[in-house]
Structures are given as structure tokens and as C-alpha cells.
Amino acid sequence: MMHELLSKFGAGSTGDAVWLLVGLLGQLAFTARFIVQWVASERAKASVMPVAFWYLSIVGGLVVLAYGIHKLDLVIILGQMPGVVVYSRNLWLIRKGKRVQI
């Protein structure tokens, strides 16, 4: 039964099932960033963007990008590449700002 379900999602082999799991974990990390941002904003009683948001963004984005490259899915590849650049740049600016403040 599990094999039939995985086959419907394009996972006909163990390797495909592993990649499906990798893609799902990447998407989970990417989605978790919204929960982190929401909780941080509720605590601050204002809209805030915690650093963890950017780390989850880059981890999720890179994992989903790797999945897209493995599947040769141009939509996923083109959808994730610009985001990964932006997430990296934001983390770079945050890190650079912390060095200046010290």
C-alpha cells in the first residue's frame, strides 16, 4: 500500500522515495519560517523579521533547489534560485551589521 502511494507521487524506487523525503523536508523548513516570523511578531506586538527566518529560508530554499535539480524541474529551479540569492544577501547584511555594531 505504501509503495502504491509513493508511486503516485513519482517515487518508484527507494532512491526516488529518499529524494521525495528530501524535497518534503526542504519544503517543511521553508514553511516553518512563516511560523517563526509570526511567533516573533506576536511576541514583539509588531511586524519583525527574526534572523531565524532567513536561516530557515536559505536551508529550505537550498534543499528544495537541490530537489528541483535532481528532478530536472525547471519551475522549481527557477523559482528557488532568486530566493536563495536574496536570503544569502540578507544574512550577509545582518552579519555585516553585527560586525559594525561591535
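## A buried glutamine in helix α4

In this predicted model, Gln-80 counts as buried because its relative accessible area is 13%, which is under the 20% limit used for that word. The residue belongs to helix α4, and, once residues up to four places away in sequence are set aside, Gln-80 touches Phe-30, Gly-61, Val-64 and Leu-65.

One of these partners, Phe-30, is also a member of the largest nonpolar core of the model, and that core is the next topic.

## The nonpolar core

Which residues make up the largest nonpolar core? There are six of them, namely Phe-30, Phe-53, Trp-54, Ile-58, Tyr-87 and Leu-91. Helix α3, which covers residues 51-71, and helix α4, which covers residues 74-101, each supply at least two residues of this core, and the largest share, three residues, comes from α3. As a general background, nonpolar side chains in soluble globular proteins tend to be buried together.

Ile-58 gives a closer view of how one core residue is surrounded. Leaving out its neighbours within four places in sequence, Ile-58 is in contact with Val-84, Tyr-87, Ser-88 and Leu-91. Of these partners, Tyr-87 and Leu-91 are themselves listed in the core.

## The chain as a whole

The protein chain contains four helices and zero strands, so that, as defined here by DSSP runs, its pattern read along the sequence is α-α-α-α. Along the principal axes, the C-alpha trace spans about 55 × 25 × 20 Å. The radius of gyration of the protein chain is 17 Å, whereas a compact globule of 102 residues would have a value near 13 Å.

Buried residues make up 25% of the 102 residues in the chain, and the chain exposes about 7300 Å², of which carbon and sulfur atoms supply 71%. Among the contacts that join residues at least 6 apart in sequence, 51% are between residues at least 24 apart.

The charged side chains can be described in a similar way. The protein chain has 10 positive and 4 negative side chains, and the centres of these two sets lie 21 Å apart.

## Helix α2 and the loop after it

Is Glu-42 buried, partly exposed or exposed? Glu-42, which lies in helix α2 (residues 14-44), is partly exposed, because its relative accessible area of 46% falls between the limits of 20% and 50%. Glu-42 and Ala-32 are ten residues apart in sequence, and their C-alpha atoms are 15 Å apart in space.

Lys-45 is found in the loop between α2 and α3, and this residue has a positive phi of about 55° although it is not a glycine. Lys-45 counts as exposed because its relative accessible area is 72%, and the word exposed is used for values over 50%.

## The loop between α3 and α4

Where does Leu-72 lie? Leu-72 is placed in the loop between α3 and α4, the two helices that each supply at least two residues of the core. The phi of Leu-72 is near 55°, which is a positive value in a residue other than glycine.

Although Leu-72 is a leucine, and leucine is among the residue types that can enter a nonpolar core when buried, Leu-72 counts as exposed because its relative accessibility is 73%.

Conventions:
Residues are numbered from 1 along each chain as its sequence is written. This is a predicted model: local features need pLDDT of at least 70, side-chain atom pairs count only at pLDDT 80 or more; totals for chains, interfaces and linings use all residues. Side-chain values use heavy atoms; hydrogens and water are left out. A nonpolar core is a set of buried Ala, Val, Leu, Ile, Met, Phe, Trp, Tyr and Cys residues joined through side-chain atoms within 4.5 Å. Buried means under 20% relative accessible area, exposed over 50%, partly exposed in between (1.4 Å probe, protein chains only). Contact means heavy atoms within 4.5 Å. The radius of gyration is taken over C-alpha atoms; the globule rule is 2.2 Å times the number of residues to the power 0.38. Accessible areas come from the Shrake-Rupley method with a 1.4 Å probe; for residues, only the protein chains shown count as cover. Lys and Arg count as positive and Asp and Glu as negative; His and the chain ends are not counted. The place of a charge is taken as NZ of Lys, CZ of Arg, CG of Asp or CD of Glu.
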